[in-house]
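Colleague: Could you take me through a single part of this model in detail? I would like to understand one helix and its setting.

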Amino acid sequence: MTSTSIIDSALQRSRRSFLKSGLAGGAALMAGSAAARAAGDPLITEIQDWNRYPGDGVDAAPYGQPSQFEAEVVRRDVPWLTADPISSINFTPLHELDGIITPNGLCFERHHGGKAVIAPADHRIIINGMVDTPLVFTMEDLKRFPRENRIYFLECAANSGMEWRGAQLNGCQFTHGMVHCVMYTGVPLRYLLAEAGVKPGGSWLLAEGADASAMTRSIPMDKALDDCLVAFKMNGEALRPEQGYPVRLVVPGWEGNMWVKWLRRLEVGDAPWAQREETSKYTDLMPDGKARRHTFLMDVKSVITSPSPQAPVTHGKGPLVITGLAWSGGGRISRVDVTIDGGRNWRTARIDGPSLPKALHRFYLEIDWDGSEMFLQSRAIDEDGYVQPTKDALRAVRGVNSIYHNNGIQTWQVRTDGMVENVEIS
Ligand SMILES: Nc1nc2c(c(=O)[nH]1)N[C@H]1C(S)=C(S)[C@@H](COP(=O)(O)O)O[C@H]1N2
Ligand SMILES: [Mo]
């Protein structure tokens, strides 16, 4: 048998078993090249240095770092996007990650006045305004309230904002990397509000940061009492300074801007405040010249993270794993469809890992790539039945004056040589 026919028959076998068991026989698919290697690959037949000499001891890295071979897996920024790195963004390397949890050191950063450095002993949170008793909490006070652990995505409303008028940035890190998903440990905001006692008519909350931008946003009281957390841990350890150490607000499913970092003040009021970040910024300019305000919810969205421009197909035709992320501020993702031919035919992808409300979902579609050009797209549907729109459908309603809330379907062109590009098809 030639190696191609070995692969072909392996593919047929595995397709049959895939249908029967619902599992891909991943190992069998690669039988051809894997069998060739068994005939004499020096990396398996010869002892290597790392197999011969002992390595570093347990005292070498009191706080562990990723492997030296993962040095490319970093946040990146786009210098021309903003005038200054102090009020700017960097992006999560989504194309390198798997599962649903973003490692702490790779969560994108968005600061309006740089990263504040605050000693926890010097940090205070005040609750004032329409409350029975204004209160000032220390971090120690905060940790005496009952706490909860929840996994949520945070997406900046400006994620994909550079793509409104057409395909621009070449990589899902840049087009979709203003999202991360971690497990927060924190105190439900309603416990703190109950301690202070919200006065009748207290229907809005102002959250203010202790950083140089004093980030301030109005939040409806219903949301504050529902699922918001005052969080001090992410993925089990203290918040990273970039993410608001020692404490940030978690506003599940709503735009990242409201998740005030370095949280220092909560004021109860009876109307929204019309701060800068809810008037001149984070509003959506419609084609008729009017701006939509208070567009808090992050709508259903997805993206294929691999293959993608920074993660081309390097192994040629045959078995190919297509994977990506889907999320909705409205709740769980119920289905993700994937097309390889630009939307003519759709297949249901396999969601794997936890399916949690307002959290990232990981999906996979395993295909047998014939080596021809592909136009990859993913389309997510959430539990309320909302379907991720095409970019054209989005523009038909919103025009092209918007920056924020672009949840349109992304297209990647995979060329025959495996290189991938950000494109749009109509
Ligand atoms: N205090 C403060 N909170 C802030 C910001 C800020 O600049 N200062 N940026 C906001 C914006 S616009 C976003 S998208 C998120 C980003 O959170 P991250 O840096 O943890 O990714 O934080 C929000 N909270
Ligand atoms: Mo943001």
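Modeller: What follows looks at one helix, then at the domains and at one sheet.

This is a predicted model, in which local features need pLDDT of at least 70 and side-chain atom pairs count only at pLDDT 80 or more, while totals for chains, interfaces and linings use all residues. Residues are numbered from 1 along each chain as its sequence is written, and chains are lettered from A and ligands numbered from 1 in the order in which they are written.

The helix is H10, residues 391–398; helices (H or I, at least four residues) and strands (E, at least two) are DSSP runs, numbered from the N terminus. Within H10, Lys391, Leu394 and Arg398 are buried, where buried stands for 20 or more other C-beta atoms within 10 Å of a residue's own, exposed for 12 or fewer, and partly exposed for what lies in between, with C-beta atoms placed from the backbone. These three residues lie on the same side of H10 because they cover an arc of only 60° around the axis, the arc being that of the directions from the helix axis to the C-beta atoms. The other side of H10 carries Asp392, Ala396 and Val397, which are exposed. The buried residues of H10 pack against strand E13 (284–285), and just after the helix Gly399 adopts a positive phi of about 75°.

As for the wider setting, the protein is divided into domain 1 (3–52), domain 2 (79–292) and domain 3 (301–423), with bounds that come from an automatic or database domain assignment. Between domain 2 and domain 3, 32 residues of the former are in contact with 32 residues of the latter, contact being C-beta atoms, placed from the backbone, that lie within 7 Å. On the side of domain 2 that touches domain 3, the elements that give two or more residues are strand E5 (148–155), helix H7 (172–176) and E13, and H7 gives the most, with four residues.

Finally, there is an open sheet of four strands in the order E15-E16-E20-E19, with antiparallel pairing; two strands pair if DSSP finds at least two bridges between them. Strand E15 (301–306) and strand E19 (350–352) stand at the edges with a single partner strand each, so one side of each is left without a neighbour in the sheet. Strand E16 (residues 318–327) and strand E20 (residues 361–369) run antiparallel and are joined by nine bridges, and Leu325 has Arg362 of E20 as its bridge partner.

Note on methods
Contact = placed C-beta atoms within 7 Å.
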